Amino acid sequence: MLNLDRFIVEFDKGLRTLFAPAQTVRPLPGRELAEAPLSASDKKLAGALMRVNHSGEICAQALYQGQALTARKPAIQQALQQAAWEETEHLNWCEQRIRDLGSHKSFLNPLWYTGSLAIGALAGALGDKWNLGFLAETEHQVSRHLEGHLARLPAQDEKSRAVLAQMKEDEEKHATTALQHGGAPLPAPVRAAMQLSSKVMTKTAYLV
Ligand SMILES: [Fe+2]
Ligand SMILES: [Fe+2]
């Protein structure tokens, strides 16, 4: 495809990620559970946590999109397409919980998206070994982060908990996929820098 065509396709994907409702094939985890009566402060807390997770999934969309622009082997691209699709489902599920909890998405999502797209493209440009290592480390960190949110959610909010539990299972599978395709372990300073930048995102998205 011509570069300009490719650019338009990717730009369109970005706009849809940020502004159109995400699609899902798998139904919302925990849809069979009743909405628990939450106090105003618990509802606010759960809404803010789900906003952070939604922004995380916006970043995941951009990361997978960025690496797909530069990843080399078609077999790897194909394996990661399934993971990228599951990230879209996560985005949909988080959107649903944000709406049901009466909260709002982060106003800074375009910023998180653009930054993650650039990081994903950079990781992809370093070659499949580092690209996959980066994806695996990202997924590990997301999984640990979700574990923290599972503990922080109000005890009665089983519906949000069901969503995060399924997401965590998926993220661990994504990490395994990336490692199985040859992802290399990242140097400790890189892992620390990734942790720091995700901390900035999660703390800010919690507020706005
Ligand atoms: Fe995800
Ligand atoms: Fe993932």
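Begin by selecting Glu-87, a buried residue with a relative accessible area of 1%. The model in the viewer is a predicted one, and Glu-87 is a suitable point of entry to it.

**Stop 1: the two iron ions**

Keep Glu-87 selected and display the ligands. Glu-87 bridges the iron ion (ligand 2) and the iron ion (ligand 1). The two ions lie 3.9 Å apart.

**Stop 2: around ligand 1**

Now select Glu-57, Glu-87, His-90 and Glu-171, the residues that supply the protein donors of the iron ion (ligand 1). Glu-57 appears twice in the list of donors, each time through an OE atom, while His-90 contributes ND1. The donor atoms are 2.0 to 2.3 Å from the ion. Along the chain, the spacing of these donors reads E-x29-E-x2-H-x80-E.

Where do Glu-87 and His-90 lie with respect to each other? Both belong to helix H3, and they are three residues apart, about one turn of the helix. Colouring His-90 by accessibility would show a buried residue, with a relative accessible area of 0%.

**Stop 3: around ligand 2**

Move to the iron ion (ligand 2) and select Glu-87, Glu-139, Glu-171 and His-174. Here Glu-139 is listed twice as an OE donor, and His-174 donates through ND1. The distances from the donors to this ion run from 1.8 to 2.3 Å. The sequence spacing of the donor residues is E-x51-E-x31-E-x2-H.

Which parts of the chain does the pair Glu-87 and Glu-139 tie together? Glu-87 lies in helix H3 (residues 74-100) and Glu-139 in helix H5 (residues 128-152), so the pair connects parts that are 52 residues apart in sequence. Is Glu-139 buried or exposed? Its relative accessibility is 4%, and Glu-139 therefore counts as buried, since the limit for that term is under 20%.

**Stop 4: Ser-143**

Stay in helix H5 and select Ser-143, which is found there. Ser-143 is buried, with a relative accessible area of 5%. When its neighbours within four places in sequence are left aside, Ser-143 is in contact with Lys-168 and Glu-172. Display these two residues together with Ser-143 to inspect the contacts.

**Stop 5: a nonpolar patch on the surface**

Turn next to the surface and select Leu-4, Phe-7, Ile-8, Phe-11, Leu-15 and Phe-19. These residues form a nonpolar patch with about 680 Å² of accessible area together. Leu-4, one of its members, is located in helix H1 (residues 3-19). Is Leu-4 buried or exposed? With a relative accessible area of 57%, Leu-4 is exposed.

**Stop 6: the whole protein**

Finally, clear the selection and switch to a cartoon view. How many helices and strands does the protein have? There are seven helices and zero strands, and the order of elements from the N terminus is α-α-α-α-α-α-α. The radius of gyration is 17 Å, close to the 17 Å that the globule rule gives for 208 residues, so the protein is as compact as a globular protein of that length.

Rotate the C-alpha trace: along its principal axes, the trace spans about 50 × 35 × 30 Å. Of the 208 residues, 45% are buried. The accessible surface comes to about 10600 Å², and carbon and sulfur atoms account for 64% of that surface. Among contacts with a separation of 6 or more, 88% involve residues 24 or more positions apart.

How values were computed:
Residues are numbered from 1 along each chain as its sequence is written. Chains are lettered from A and ligands numbered from 1 in the order in which they are written. This is a predicted model: local features need pLDDT of at least 70, side-chain atom pairs count only at pLDDT 80 or more; totals for chains, interfaces and linings use all residues. Side-chain values use heavy atoms; hydrogens and water are left out. Donors are N, O and S atoms within 2.8 Å of the metal (3.2 Å for Na, K and Ca); water is not among the atoms, so sites may look incomplete. Helices (H or I, at least four residues) and strands (E, at least two) are DSSP runs, numbered from the N terminus. Buried means under 20% relative accessible area, exposed over 50%, partly exposed in between (1.4 Å probe, protein chains only). Patches are made of residues with over 30% relative accessible area and no salt bridge: like charges are joined within 9 Å, nonpolar side chains (Val, Leu, Ile, Met, Phe, Trp, Tyr) within 5 Å. Accessible areas come from the Shrake-Rupley method with a 1.4 Å probe; for residues, only the protein chains shown count as cover. A salt bridge is a side-chain nitrogen of Lys or Arg within 4 Å of a carboxyl oxygen of Asp or Glu. The radius of gyration is taken over C-alpha atoms; the globule rule is 2.2 Å times the number of residues to the power 0.38. Contact means heavy atoms within 4.5 Å.
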